[in-house]
Amino acid sequence: MEPVPTDLTTALADVRTLLLDTPHLARAVAAGRRKGLEPPAAERVEVRPVQLKAGPHLQFTARTGPVVSTRNVPVDEAAAAVDDLLAQPYGNLHVETATEVVQVRVTKKGDAQVHRAAAAHEAGPAGHDKAKNRLVDPDDPLFRVLGAGGDKRRQVEAFVRQLAPLAPTVLSRPGDRVRAVDLGCGNAYLTFAAHRWLGDAARAEGKVLTTVGVDVREDVVATGRRAAAEAGLTGLEFAVGSIAGADPYADGGPDVGPDVVMALHACDTATDEALARAVRWGAPLVLAAPCCHRDVQRQLHGNRAPLVRHAILRERFADVLTDTLRSLVLQLLGYRVEVVEFIDSAHTPRNAMIRAVRTGSGPRPAARADLLAEFDELTRTWGVSPALARMLEPELAAVRAGVQAAL
Ligand SMILES: C[S@@+](CC[C@H](N)C(=O)[O-])C[C@H]1O[C@@H](n2cnc3c(N)ncnc32)[C@H](O)[C@@H]1O
């Protein structure tokens, strides 16, 4: 639904009512500053209901730069704390309740633009140790539009759960836009779910999200476009083309690329194409759940080592070797990398995920030399040349030259 211009006092009174309706409140965020006014006391305040031993409280978590402070206020004394918060000149207020998501943006003129949408969260006070709220509502009408089954819904929920804790990496960057891509988007279940969740999170920080799903198949792109129009989603686009050639934000200027690169089960070396694109864009955040690993598997064929002599073991070992080499390449090129299981294998056997956060400076010279030695030893021992290293040959050659120069 489009934002509705509203008098600011009325909008703040509505937000006050929602914040004090703690049984139905999920969370709220105050962030951003109003044009022409002094900044608020804290850069960002998150408010959520919590159930403590002493009873239900509203928890206020304030952050300014790296400094975070938390205050718990009993709900029957929370009105004053809420009034103090709303008196601060925040530019954006984002409230999630059991039934709706309300976003208030204060305009340059000092009016409010109020955006309301159906909730994708369960609400109510949560114990500290069991915040079970779903990030992606399995009953979201989007899934009906897309026709996603239960396993796919669980996979995209699990994927978005991996994205959520890393999202502040991109949401805290300067600028009012956040850009995401889903490479090899296929039927676009993840594209829609991530756009839904990250769009809300971006709005809570006063930013606007664009997400582009890319796929070589014209039919799935056409379906994605139709579903986006049907669901009335803004900022969600689709592009036909290969991942290797994808550059959906090229119009923004030479240094503009996606902040978040996602790839869920992009087949074989399409995952490498996605990782290589991410590196060349300098994307701050990359999440890739690989699919089959035929590239390295093919290169291991004929190797008589016991570990890879049997086809099934060769297949499994190729998975491990490929993702290990991918991780090393990403680390060498300036990313902090974790490989995690993003979902139980009962839902998909392809349940590994590479999560990479760009660190900028990359590893220290000694660590870089060690990583390079590990990469060289693995590729030499197994006689393989992994696709990602082939795609990023110039970048890796520069790292190699740097390591050799430092010797
Ligand atoms: C297994 S499907 C996964 C789709 C989706 N990400 C999901 O998990 O539901 C892989 C998708 O990647 C697309 N694809 C494979 N190689 C590609 C490439 N090189 N460039 C663009 N798309 C590619 C395929 O057309 C297919 O739609």
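Modeller: A cavity is a set of points, on a 1 Å grid over the protein atoms alone, where a 1.4 Å probe fits but cannot get out. Grid points are joined across faces, edges and corners, and the volume is the space filled by probe spheres set on the points. This is a predicted model: local features need pLDDT of at least 70 and side-chain atom pairs pLDDT 80 or more, while totals for chains, interfaces and linings use all residues. Residues are numbered from 1 along each chain as its sequence is written, and side-chain values use heavy atoms, without hydrogens and water.

Biologist: How many cavities of 30 Å³ or more does that rule give?

Modeller: The count is 1. The largest cavity has a volume of about 40 Å³.

Biologist: What makes a residue part of the lining?

Modeller: An atom within 4 Å of a cavity point. For the largest cavity, the lining residues include Val-15, Leu-19, Leu-93 and His-94.

Biologist: Why is the pair Cys-291 and Cys-292 not called a disulfide?

Modeller: A disulfide needs two cysteine sulfur atoms within 2.5 Å. The sulfur of Cys-291 is 4.3 Å from that of Cys-292, its closest cysteine sulfur, and therefore too far for a bond. The structure holds 0 disulfides.

Biologist: What makes Cys-291 buried or exposed?

Modeller: Buried means under 20% relative accessible area, exposed over 50%, and partly exposed in between, with a 1.4 Å probe and protein chains only. Cys-291 has 18%, so it is buried. Cys-292, at 12%, also counts as buried.

Biologist: What makes the approach of Gly-184 to the ligand a polar contact?

Modeller: A polar contact with the ligand is a pair of N or O atoms within 3.5 Å. A backbone N or O atom of Gly-184 lies 2.9 Å from a ligand nitrogen, so the pair qualifies. For Leu-264, a backbone N or O atom is 2.7 Å from a ligand nitrogen, so this pair qualifies too.

Key: Polar contact = N/O pair within 3.5 Å; in protein donor to acceptor, adjacent residues only side chain to side chain. 1 Å grid on protein atoms, 1.4 Å probe; cavity = no way out; pocket = protein on both sides within 12 Å on 5 of 7 lines; lining within 4 Å.
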